[in-house]
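Biologist: Before I rely on this chain at the bench, I should like to go through its structure with you. Please begin with a single residue and work outwards from there.

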Amino acid sequence: MSTSDMRIWVGIDAGKGHHWAVAVDADGETLFSTKVINDEAQILTLIDTARERADEVRWAVDISGRASTLLLALLIAHGQQVVYVPGRTVNRMTGAYRGEGKTDAKDARVIADQARMRRDFAPLDTPPELVSNLRVLTNYRADLIADRVRLINRLRDLLVGICPALERAFDYSAAKGPVVMLTEYQTPAALRRIGVKRLTAWLERRKVRSAADIAAKAVEAAQAQQIALPGEKRAAKLVCDLAHQLLALDERIKDNDREIRETFRSDDRAEIIESMPGMGPILGAEFVAIVGDLAGYRDAGRLASHAGLAPVARDSGRRTGNYHRPKRYNRRLRHIFYMAAQTAMMRPGPSRDYYLKKRAEGLIHTQALLSLARRRVDVLWAMLRDKRLFTSAPPVTQAT
């Protein structure tokens, strides 16, 4: 048999700076192993090299994120079939191959061999422009939120070293007014000097809500501490800087949220998703960014499994009917359904009725919420399948 009649599998261990590609034939023998810089010219050379070795080439990668965007775009643009081999599978199967060492070449070899032996890996395709935009925006939002949490933790830690009573007085993560106050007044002495009346006027000029209450709490906390702690002046300057950073970051998050809403609502499915209680534009955008057009989910059960809401059987011999919580699922997708269920449960309607029913059956709060989230997966799937808005009453089944 000539090489032109062969089918080969090319496994790629993807990375930011470079990839490693290994090709194997139908017998699992290595045909070539090479390092490929993450550059268009070198990736195209790799594609041409693989095409010269066989009439049909199957490609497999272990990363479907930003590091492999250029690689996947070029492969799909040239009509190549690409599948995704999870990194967990690669790590576990590496131990079944000879040698204890771990290299990019060995990982690529494992990826290619797994793609050769298995036919159940998910195929990869270029996502629509809207889905790609939502992925970029939602990932950026997650980074901004993480930065905000870090800033608040640093600010509170510094405030404890200045005035513990002032740190306890406000929830700086939920209220903007106290953060505005910290841009100018950080120490007990400064707050005592300005007093409640002048601090209230200062906050009102900056359009802070409940300025009088904030001023009263801040001055009361300052009155409780008369001593100046060591390092107070330097810490106060750092608190001032962090407060300015936090206010600027809040504006960036607000702009990002507005862009997410506008992009999400340009999708035809946005109205359907938002009609479901608890699914706002931010959660809806994250849902679309993860699942795309739902082409990879043949039914609601597959979607629930991806979200970690479907129990996994653990049967052996005569022991049947044993289920446990899955370990491999998309944590972010599970969080979306969990948060949406929690929001919907707090308002009168079928979601709250179902939650109370589960609580009456003896489930704790978290178990009842997860049960509700699983049920809502079926509802959302049916809504998107039938292109139907959410209604409290079940739809009437029409006669055939």
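Biologist: Is Thr187 buried or exposed?

Modeller: The model is a predicted one. The relative accessibility of Thr187 comes to 11%. Buried means under 20%, so Thr187 counts as buried.

Biologist: Which residues are in contact with Thr187, leaving aside its neighbours within four places in sequence?

Modeller: Thr187 is found in the loop between helix H7 (177-182) and helix H8 (188-205). A polar atom of its side chain lies 3.2 Å from the backbone nitrogen of Ala190. Leaving aside neighbours within four places in sequence, the contacts of Thr187 are with Ile162, Glu232 and Ala236.

Biologist: Thr138 is another threonine I should like to place. Which residues does Thr138 contact, leaving aside its neighbours within four places in sequence?

Modeller: Thr138 is found in helix H5. With a relative accessible area of 8%, Thr138 is buried. Beyond four places in sequence, Thr138 is in contact with Ile260, Ala285, Glu286 and Ala289.

Biologist: How is the protein chain divided into domains, and how far apart do the C-alpha centres of domain 1 and domain 2 lie?

Modeller: Domain 1 covers residues 7-126, domain 2 covers 133-262 and domain 3 covers 270-386. Between the C-alpha centres of domain 1 and domain 2 the separation is 49 Å.

Biologist: Which residues have the most contacts inside the largest nonpolar core, and which helix gives the largest share of the core?

Modeller: The largest nonpolar core has 43 residues, and Met279, Phe287, Leu303 and Phe337 have the most contacts inside it. Several helices each supply at least two of its residues, including helix H5 (129-160), helix H12 (281-291) and helix H14 (331-345). The largest share, nine residues, comes from H16.

Biologist: Between which domains does this core lie?

Modeller: Residues of the core are given both by domain 2 (133-262) and by domain 3 (270-386). The core therefore lies between domain 2 and domain 3.

Biologist: What does Leu303 touch, not counting residues up to four places away in sequence?

Modeller: Leu303 is among the residues with the most contacts inside the largest nonpolar core. Not counting residues up to four places away in sequence, Leu303 touches Phe287, Val291, Leu294, Tyr297, Leu333, Phe337, Val377 and Trp381.

Biologist: How many residues has the other core, which lies apart from this one?

Modeller: Leu159, Met181, Ala211 and Val219 are among the residues of that other core. Its size is 39 residues.

Biologist: Which of the two, Leu356 or Asp353, counts as exposed?

Modeller: Leu356 lies in helix H15, and Asp353 is found in helix H15 as well. The relative accessible area of Leu356 is 42%, so Leu356 is partly exposed. Exposed means over 50%. At 51% relative accessibility, the residue that counts as exposed is Asp353.

Biologist: How far apart are the C-alpha atoms of Leu356 and Leu369, and those of Asp353 and Leu372?

Modeller: Leu356 and Leu369 are 13 residues apart along the chain, with their C-alpha atoms separated by 9.9 Å. Asp353 and Leu372 are 19 residues apart along the chain, and for their C-alpha atoms the separation is 9.9 Å.

Biologist: What is the phi of Ser210, and what is that of Lys387?

Modeller: Most residues other than glycine have a negative phi. Ser210, in the loop between H8 and helix H9 (211-223), is partly exposed at 49% relative accessibility. Lys387, in the segment after H16, is exposed with a relative accessible area of 69%. Neither is a glycine, yet phi is positive in both: about 50° for Ser210 and about 55° for Lys387.

Biologist: Which residues does UniProt list for "domain: Transposase IS116/IS110/IS902 C-terminal"?

Modeller: The annotation comes from an unreviewed UniProt entry. In the model, the span it covers is 51% helix and 5% strand, with its end C-alpha atoms 26 Å apart. The residues covered are 270-355.

Biologist: Where in the protein chain is confidence lowest, and where is it highest?

Modeller: The mean pLDDT of the chain is 90, and 97% of its residues reach 70 or more. Confidence is lowest in strand S8 (residues 323-324), at a mean of 74. The highest mean, 96, belongs to helix H10 (residues 232-264).

Terms used: Residues are numbered from 1 along each chain as its sequence is written. This is a predicted model: local features need pLDDT of at least 70, side-chain atom pairs count only at pLDDT 80 or more; totals for chains, interfaces and linings use all residues. Side-chain values use heavy atoms; hydrogens and water are left out. Domain bounds come from an automatic or database domain assignment. pLDDT is the predictor's confidence in each residue, from 0 to 100. Helices (H or I, at least four residues) and strands (E, at least two) are DSSP runs, numbered from the N terminus. A nonpolar core is a set of buried Ala, Val, Leu, Ile, Met, Phe, Trp, Tyr and Cys residues joined through side-chain atoms within 4.5 Å. Buried means under 20% relative accessible area, exposed over 50%, partly exposed in between (1.4 Å probe, protein chains only). Contact means heavy atoms within 4.5 Å. A polar contact is a pair of N or O atoms within 3.5 Å; within protein, one must be able to donate a hydrogen and the other to accept it, and residues adjacent in sequence count only if both atoms are side-chain atoms. UniProt positions are given in the numbering used here, feature names are shortened, and annotations may be inferred rather than shown by experiment.
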